[in-house]
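Here is a short set of questions and answers to read beside the sequence and the model.

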Amino acid sequence: MAGKKLNFEQSMARLEEIVGLLERGEAPLEESLALFEEGTKLMRSCSELLDKAEQKVALLKVGPEGQPEEVPFDVEE
C-alpha cells in the first residue's frame with residue numbers, strides 16, 4: 001500500500017492488519033521489518049491526523065450574556 005495516501009480509517013485498518021501479521025510471527029525477518037516500518041509510518045500519520053483534528057475541535061458554551069462562546073477543547077474548568 002506504499003505510495004497511496006490513505007485516510008485515517010484506512011490507515012488504522014492497515015495498521016491492525018500489520019499488527020496481526022507480526023503477532024502471528026510467520027513472516028520472514030525481511031518482510032517483518034518492512035511491515036514494522038510501514039506500521040511505524042502509519043502510526044505517525046494517524047497521530048498527525050488526530051493532532052490536526054484535535055486542533056479543530058472546540059467546545060461551545062453559554063457566555064455571560066447568553067451568547068454561544070467558543071473555547072478550546074482542552075481547557076479544563
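Q: In which helix do Arg14 and Glu17 both lie, and how many residues apart are they?
A: This is a predicted model. In it, Arg14 and Glu17 are separated by about one turn of the helix. They both lie in helix 1, and the spacing is three residues.

Q: How far apart are the closest N and O atoms of Arg14 and Glu17?
A: Side chains of opposite charge can pair when their charged atoms come close. A salt bridge needs a nitrogen and a carboxyl oxygen within 4 Å. Arg14 forms a salt bridge with Glu17, and the closest N and O atoms are separated by 3.1 Å.

Q: Is Arg14 buried or exposed?
A: A residue counts as buried under 20% relative accessible area. Arg14 has a value of 11%, so Arg14 is buried.

Q: Which residue forms a salt bridge with Arg14 from helix 2?
A: The closest N and O atoms of this pair are 2.8 Å apart. The pair links distant parts of the chain, with Arg14 in helix 1 and its partner in helix 2, 24 residues apart. The partner that forms the salt bridge is Glu38.

Q: Are Glu17 and Glu38 buried or partly exposed?
A: The partly exposed class runs between 20% and 50% relative accessible area. Glu17 has 43% and Glu38 has 22%, so Glu17 is partly exposed and Glu38 also counts as partly exposed.

Q: Which residues are linked in a network of salt bridges?
A: The structure holds two salt bridges. Arg14 pairs with Glu17, and Glu38 pairs with Arg14. The linked residues are Arg14, Glu17 and Glu38.

Q: Which residues make up the largest nonpolar core?
A: In soluble globular proteins, nonpolar side chains tend to be buried together. Here the largest such core has five residues in all. Helix 1 (8–24) and helix 2 (29–56) are the elements that give two or more residues to this core. Its members are Leu6, Leu15, Ile18, Leu35 and Leu42.

Q: Which residues does Ile18 touch, not counting residues up to four places away in sequence?
A: Ile18 belongs to the largest nonpolar core. Glu38, which forms a salt bridge with Arg14, is among the residues that Ile18 touches. The full list is Leu35, Glu38, Gly39 and Leu42.

Q: The backbone oxygen of which residue lies 3.3 Å from a polar atom of the side chain of Ser32?
A: Ser32 lies in helix 2 and is buried, with a relative accessible area of 19%. Not counting residues up to four places away in sequence, Ser32 touches Leu22 and Ala27. The backbone oxygen at 3.3 Å from the side chain of Ser32 is that of Ala27.

Q: What pattern does the protein follow along the sequence?
A: The secondary structure comes to two helices and two strands. Read along the sequence, the pattern is α-α-β-β.

Q: Where in the protein is confidence lowest?
A: The protein averages a pLDDT of 85, and 86% of the residues score at least 70. Confidence is highest in helix 1, at 96. Where pLDDT is low, the predicted coordinates should not be read in detail. The lowest confidence, a mean of 70, is in strand 1 (residues 58–62).

Methods: Residues numbered from 1 in each chain as written. Predicted model: local features only at pLDDT ≥ 70, side-chain atom pairs only at ≥ 80, totals over all residues. Heavy atoms only, no water. Helix = DSSP H or I, 4+ residues; strand = E, 2+ residues; numbered from the N terminus. Core = buried A, V, L, I, M, F, W, Y, C linked by side-chain atoms within 4.5 Å. Buried < 20%, exposed > 50% of the residue type's maximum accessible area, 1.4 Å probe, protein only. Contact = heavy atoms within 4.5 Å. pLDDT = per-residue confidence, 0-100. Salt bridge = Lys/Arg side-chain N within 4 Å of Asp/Glu carboxyl O. Polar contact = N/O pair within 3.5 Å; in protein donor to acceptor, adjacent residues only side chain to side chain.
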